[in-house]
Amino acid sequence: MAEEKCIFCLIASGDIPCAKVYEDEEVLAFLDLSPVRPGHTLVIPKAHYRDMLEAPVSLAPAVFSALRKVGAAVMKATGATGFNIMQNNGLSAGQTMFHIHWHIIPRVEGDGLGVWEQGKYPDAETMQNVAARVASYLEK
Ligand code: 5GP
Ligand code: ZN
């Protein structure tokens, strides 16, 4: 259902303009207003869902297909040699627009965009314990 004050719902309904690059029955893709790099595109479902925990799995084929098509087009249009797909869930993860969306960010070698610093588990047992704890919630 569209939410009255949701900017992405208003973009999906055409009430707020956007720089549209792709649309089908279920999804819309348009340029991010504040791009990390030119061509930075957002893919949204036209229906309102807050995040990955709320969006139905049935949305997956339309989103997956749009991400592939738009990702390839963004690469060609910008001369990128790769692209990142990013999707934030929750404030702590950097989500600022609470209508689910996927970022497509074009990349070239040496473009200076940051990569996340990765660490290590202190020992193999700790790693197994964390895996077991996550798995235990999947069994519930
Ligand atoms: P998030 O941080 O929630 O993953 O990403 C939200 C994105 O939406 C941001 O990159 C921001 O620049 C973009 N954005 C916010 N408001 C608008 C808008 O009105 N139009 C467009 N095209 N992008 C927006
Ligand atoms: Zn919405």
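Trainee: Which atom of ligand 1 does the backbone of leucine 33 lie 3.3 Å from?
Mentor: A nitrogen atom of ligand 1, and the partner is a backbone N or O atom of leucine 33. That is a polar contact, a pair of N or O atoms within 3.5 Å. This is a predicted model, where local features need pLDDT of at least 70, side-chain atom pairs count only at pLDDT 80 or more, and totals for chains, interfaces and linings use all residues; side-chain values use heavy atoms, without hydrogens or water. Residues are numbered from 1 along each chain as written, with chains lettered from A and ligands numbered from 1 in written order.

Trainee: What do asparagine 88 and histidine 103 do there?
Mentor: Each has a polar side-chain atom by an oxygen atom of ligand 1, at 2.9 Å for asparagine 88 and 2.8 Å for histidine 103.

Trainee: How much of ligand 1 does the protein bury?
Mentor: Alone, ligand 1 exposes 520 Å² (Shrake-Rupley, 1.4 Å probe), and the protein buries 82% of that.

Trainee: Switching to the zinc ion, ligand 2. Which residues are its protein donors?
Mentor: Cys6 (SG), Cys9 (SG), His48 (ND1) and His99 (ND1), at 2.0 to 2.3 Å. Donors here are N, O and S atoms within 2.8 Å of the metal (3.2 Å for Na, K and Ca).

Trainee: How are they spaced in sequence?
Mentor: As C-x2-C-x38-H-x50-H.

Trainee: Why is the arrangement called tetrahedral?
Mentor: Because the four donor atoms subtend angles of 104 to 117° around the zinc ion; the cut-off is four donors with all angles between 85 and 135 degrees.

Trainee: Are cysteine 6 and histidine 99 buried or exposed?
Mentor: Both are buried, meaning under 20% relative accessible area, with exposed being over 50% and partly exposed in between.

Note on methods. Tetrahedral: all angles 85-135°; square planar, octahedral: opposite > 155°, others 65-115°. Buried < 20%, exposed > 50% of the residue type's maximum accessible area, 1.4 Å probe, protein only. Polar contact = N/O pair within 3.5 Å; in protein donor to acceptor, adjacent residues only side chain to side chain.
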